[in-house]
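Here are some exercises on how helices pack and how rings pair, each with a worked solution. Have the model open beside you and try each task before reading on.

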Amino acid sequence: MAADIPAGVDPAPSRPAVGLLRKLGPGLVTGAADDDPSGIATYSQVGAAFGFSLAWTMLFSFPLMVVIQEIAARIGSVTGAGIAQNLRRHYPHIVVRIVVGLLVIANVINLGADLGAMGAALDQLLGGSVHLYTIGFGVVCIALEVFVAYPRYAAALKWATLSLFAYVAVAFAARVPVDRAMSGTLIPTLVFDAPHAMALVAVLGTTISPYLFFWQSGQEVEEGHRRHVKPLCIAPDTAGPELGRIRTDTIIGMGFSNLIALSIIVATAATLHAQGITDIQTSAQAAQALRPIAGDFAFALFASGIIATGMLAVPVLAGSAAYGVSEMFGWTTGLARGLKEARAFYAVIALTTLAGVALNFTPIDPIKALYWSAVVNGVLAAPLMAAMMLIATNKRAMGRLTLSVPMIVAGWLATAVMAAASISFFVLSV
């Protein structure tokens, strides 16, 4: 091995980076999937409509995301079962059926919006048929998730997160005024009116979404199977390093997610808002609006990023629905399972993705569909977070590895903030 290292190069400095990369997985992919085309549309709307004044919401939402996603991951790693299976084990079946039913509805709508945005972005780059591209993306995502071996697929998802740096490049290409961007990020600006409150609710609803809980929890179960690690509740004395890995993975994943979201907000604030373009409805529209202002390079990066993050997010949306449905019915679950072994699980992935494709061929307005997806997520998020808190503090489920007092306080605080945001959403929508 030493002969393969060029003379004068010390391999030691790379080792910490390699060790850190190995710790990253479910948390990193979950965070990146949060910046799906629908999320890009939301962040573009916020930047275009309000400039830099709401950039601080990314710092505000970060600790809330970290704590609730870490709790979701802990549930999977400690119990060896996903959220829906834990709900089925410890609570009335009607609860898990309502939760999973709402999850599937919201995910299908999100899938439709994301696949449509990917088709529209490719049409802007190459021309052609938006509908044909949408079908193609749906089929490719299904094929990758069903037929690619899990270790390769998990690694591919991890490396696919690098594509989101396109939005950091967009921010640089947009020549963002650093002083104003920093001020908007670090100093909260509170304006007590309906548009600002709705924007805050939209950001929280985008960054804290139920499908992310199911995915990260399910992926921790998958990782345990892949590495032949028993659920931590069986061997709690050895849980320290694993829980440390989960925390590192989650913090970095959610930090990466919010960095990308912040880049989108400041880029659209510096370009669209500065030029008086304040009404952006979709991510594809944001990309097109950037072209005459920031140039072809920024436009191409933005549009390419929509496609890349869609390829990452669509499998997560479909996979989280499959985890929920399969765990609810007690079916064999997991991307690490073969097609013959987990037919029902993969069938849910295919059906939800195809349902999302089909939404693009209906008269349903995609903007209104996203609105109702936000409503469903708002209805589901806070009660699901409360249920997760109950699971994570339940000794029957978690054994000796129930949450610490600081985690309990932080988790319930995040739940209360999300509940307040959901209530505000409905009050402001009336």
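Angles between helices run from 0 to 180 degrees between N-to-C directions, and the axes are lines fitted to C-alpha atoms over the stretch in contact. Please keep in mind that this model is predicted.

**Exercise 1.** Work out at what angle helix α7 and α16 pack, and which residues meet.

*Solution.*
- Step 1: helix α7 covers residues 130–147, and its axis lies 9 Å from that of α16, at an angle of about 170°.
- Step 2: angles over 145 degrees count as roughly antiparallel. α7 and α16 are therefore roughly antiparallel to each other.
- Step 3: from α7, the residues T134, I135, G138, I142, E145 and V146 meet Y346, I349, A350, T353, L354 and V357 of α16.
- Step 4: sorted by character, the residues of this α7–α16 contact give 8 nonpolar, 3 polar and 1 charged.

**Exercise 2.** Describe how the axes of helix α15 and helix α16 cross, and give the make-up of their contact.

*Solution.*
- Step 1: take helix α15 (residues 296–329) and helix α16 (residues 343–359); their axes come within 8 Å and cross at roughly 130°.
- Step 2: that angle makes α15 oblique to α16.
- Step 3: the crossing in which α15 passes α16 is right-handed.
- Step 4: on the α15 side the contact is made by V314, A318, G319, A321, A322, Y323, V325 and S326, and on the α16 side by F345, V348, I349, T352 and T353.
- Step 5: the residues of the contact of α15 with α16 comprise 9 nonpolar, 4 polar and no charged.

**Exercise 3.** Find the geometry of the aromatic pair that F345 and Y346 form.

*Solution.*
- Step 1: searching the whole structure turns up 7 aromatic pairs.
- Step 2: in the pair of F345 and Y346, the ring centres are 5.4 Å apart and the planes stand at 75°, an edge-to-face arrangement.
- Step 3: both F345 and Y346 are buried.
- Step 4: ring pairs also join these two with W215 and Y323 in a cluster.

**Exercise 4.** Which residues of α9 and α13 make their contact, and what is the handedness of the crossing?

*Solution.*
- Step 1: helix α9 (residues 165–173) packs on helix α13 (residues 239–271) at an angle of about 30°, with the axes 8 Å apart.
- Step 2: α9 passes α13 in a crossing that is left-handed.
- Step 3: α9 contributes F165, Y167, V168, V170 and A171 to the contact, while α13 contributes F256, I260, S263, I264, V266 and A267.
- Step 4: the residues of the α9–α13 contact split into 10 nonpolar, 1 polar and no charged.

How values were computed: Residues are numbered from 1 along each chain as its sequence is written. This is a predicted model: local features need pLDDT of at least 70, side-chain atom pairs count only at pLDDT 80 or more; totals for chains, interfaces and linings use all residues. Side-chain values use heavy atoms; hydrogens and water are left out. Helices (H or I, at least four residues) and strands (E, at least two) are DSSP runs, numbered from the N terminus. Angles under 35 degrees count as roughly parallel, over 145 as roughly antiparallel, 65 to 115 as roughly perpendicular and the rest as oblique. A crossing is left-handed if the near helix is turned anticlockwise from the far one by less than a right angle, and right-handed if clockwise. Contact means heavy atoms within 4.5 Å. Ala, Val, Leu, Ile, Met, Phe, Trp, Tyr, Cys and Pro count as nonpolar, Asp, Glu, Lys and Arg as charged, and the others, Gly among them, as polar. Rings of Phe, Tyr and Trp (its six-membered ring) pair if their centres lie within 6.5 Å; planes under 30 degrees apart count as stacked, over 60 as edge-to-face and the rest as tilted. Buried means under 20% relative accessible area, exposed over 50%, partly exposed in between (1.4 Å probe, protein chains only).
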